Amino acid sequence: MKLKSSDPRGLALAGCALLILTMPLCGATYYVATNGVDSNPGTLAAPFYNISKATALAAAGDFILVRGGTFYYTNTIRITNSGAAGNLIRLWAYTNEHPTLDFSAQADDPANRAFLVTSNGNWWHFKGLEIYRAGDNAMKIEGSDNIIEQCAFHHCRDSGLQIGFGDSDPDFPDRACSNLVLNCDSYLNYDPRASGGNADGFACKLHPGEGNVFRGCRSWENSDDGWDLYKAAYQIILEDCWTWHNGDPASFSTNQAGNAGGFKMGGDSNYAGHHLFYRCIAFNNRYGGTSAGKAFHQNDNQAGLMVFNCLSFSNNYNYALNNDIAESHEMKNCVGFAGITKNAATNSSTIQVSNSWNFTAASLTASAADYGDLTEATAKSGRGADGSLPANFARLVAGSDLIDRGVDVGFPFNGARPDLGPFEFAAAARSLTLSAPQKLPGGFSFQIGGLTSHGSVIVRISTNLVNWSPLLTNAPVTGALPVLDSSATNSSSRFYRVEEL
Ligand SMILES: [Ca+2]
Ligand SMILES: [Ca+2]
Ligand SMILES: [Ca+2]
Ligand SMILES: [Ca+2]
């Protein structure tokens, strides 16, 4: 697959690895608790009350740990200092406690964020905070290299989390760049100042820099869009993100709402960002009239977008990438069904490969019957302790004709080929193992373990991890199966892949 522009996925992954390797044991730790006072020293026994008291004191490598309970704040917490590469400032919920920051008393005003992470606020890691009823965004990020993890933003009076600047500000790749929003939720945000026309769950809009990534995030029942990438000139990546039921006036005490979009993938024809959407899901975005409710929506983006292994259903438009542009969109392995006005509106130059609508009905038909649970209740059910998404939403059922019908787009998959849509089908409780191959005079030898007699065993070989050819098919076996690849006597290296049908 092509990644146009620079490829910030590598940067984002490198950032995660750094996080694991560099957890410091030194640095100060400040505590914040509902029974604290700011004249305290900020220890566990004598904590602060205001997070802003601790953030002003923190330096690279420090922790700020927030105890559980509800904090009632009015003033914006302005982040104006920085951690460092590999030595972040960590503002985390304490152990498994659940701090909630209630900004209900903050006036409805565009200047009134709960957090404003300024251009001088870099290398922070926010984790485990619930923030609601801010006078504008729960979190506005103008800094870079920050991680926002397992936070929830809701009932705010503009977009829950926003990365970027103001409408007339210039673009810089190295400002508001390389932020990772990981396993966060944003819902029921509504801006009364514009009758709901602007509040998105996540807005990475108005001149964000390059390398911003959303992974494992959910956005639902916001008054405008799930995500909005308006005026974003540098590539933004969304992986494993879900959005549904935006723009429904019934969600709010109003008879008006916004564009009811899912993923608004750009906007304003002067700004072109090659955004990538991988394994994302949009559904039930169908409010706001016949021209609204576009789930994957190019808007006026002039750049080619990449949409791989996504799922879109029961929206007004499931996919609306139909503005003619000089470049080509790429859509591969996507699934769409039950589009109310249209399933897939595409332009003449879009490269479409192995999307559900590219097959004849006799060959493949995508529908709700291909899936187990597709309900909103399951989509918004609780996350795993590590922040992972609910495990039983939108999974393929056994026998679905979407299994193994996709093309390789450069990401891992089970079985012979990628499945269509966001999740690879995996039969329960089967875990195959391969022992390390040994080079013997008769060829390469190895052993397959974990077989369950579920079906035939197929082994494939490759010399380059790209082209695979069958080596053998074996009758169902329980336990282990030794393999000798006698075709490998003169080979220096081989790759093997095994499937149990
Ligand atoms: Ca709008
Ligand atoms: Ca919007
Ligand atoms: Ca089907
Ligand atoms: Ca597969």
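**Exercise 1. In what order do the twelve strands of the open sheet lie, and is their pairing parallel or antiparallel?**

Before we solve it, a few ground rules. This is a predicted model, in which local features need pLDDT of at least 70 and side-chain atom pairs count only at pLDDT 80 or more, while totals for chains, interfaces and linings use all residues. Residues are numbered from 1 along each chain as its sequence is written, and chains are lettered from A and ligands numbered from 1 in the order in which they are written.

*Solution.*
- Step 1: know the terms. Strands (E, at least two residues) and helices (H or I, at least four) are DSSP runs, numbered from the N terminus. Two strands pair if DSSP finds at least two bridges between them.
- Step 2: read off the order, which is 1-2-5-8-11-14-17-20-23-26-29-32, with parallel pairing.
- Step 3: find the edges. Strand 1 (29–32) and strand 32 (351–353) each pair on one side only.
- Step 4: check one pairing. Strand 29 (residues 330–332) runs parallel to strand 32, and three bridges join them. Among the partners, E330 is matched with I351 of strand 32.

**Exercise 2. Describe the open sheet of ten strands.**

*Solution.*
- Step 1: follow the order 3-6-9-12-15-18-21-24-27-30, again a parallel arrangement.
- Step 2: locate the edge strands, strand 3 (69–72) and strand 30 (335–337), each of which pairs on one side only.
- Step 3: look inside the sheet. Three bridges link strand 24 (residues 281–283) with strand 27 (residues 311–313) in parallel, and I281 has L311 as its bridge partner in strand 27.

**Exercise 3. How many helices and strands does the protein have, and into which domains is it divided?**

*Solution.*
- Step 1: count the elements: three helices and 39 strands.
- Step 2: mark the domains, whose bounds come from an automatic or database domain assignment. Domain 1 spans 8–377 and domain 2 spans 433–500.
- Step 3: note that their C-alpha centres lie 43 Å apart.
- Step 4: add the overall box, roughly 75 × 55 × 40 Å along the principal axes for the C-alpha atoms.

**Exercise 4. Which residues touch the most other members of the largest nonpolar core?**

*Solution.*
- Step 1: define the core. A nonpolar core is a set of buried Ala, Val, Leu, Ile, Met, Phe, Trp, Tyr and Cys residues joined through C-beta atoms within 7 Å. Buried means 20 or more other C-beta atoms within 10 Å of a residue's own, exposed means 12 or fewer, and partly exposed lies in between, with C-beta atoms placed from the backbone.
- Step 2: name the residues. In this core of 110 residues they are I131, M139, F277, C280 and F296. Strand 28 (residues 317–321) gives the largest share, four residues.
- Step 3: zoom in on F277. Beyond its neighbours within four places in sequence, F277 is in contact (C-beta atoms, placed from the backbone, within 7 Å) with L238, F263, F296, M306, V307 and C310.
- Step 4: add the second, separate core of seven residues, including A199, F252, A257 and Y287.

**Exercise 5. Compare the surroundings of S178 and L188.**

*Solution.*
- Step 1: recall that most residues other than glycine have a negative phi.
- Step 2: check the angles. S178 has a positive phi of about 55°, and L188 also has a positive phi of about 55°.
- Step 3: place them. S178 is in the loop between strand 13 (161–163) and strand 14 (180–182), while L188 is in the loop between strand 15 (185–187) and strand 16 (202–204).
- Step 4: judge burial. S178 counts as buried because it has 21 C-beta neighbours inside 10 Å; L188, with 18 other C-beta atoms within 10 Å, is partly exposed.

How values were computed
Two residues are in contact if their C-beta atoms, placed from the backbone, lie within 7 Å.
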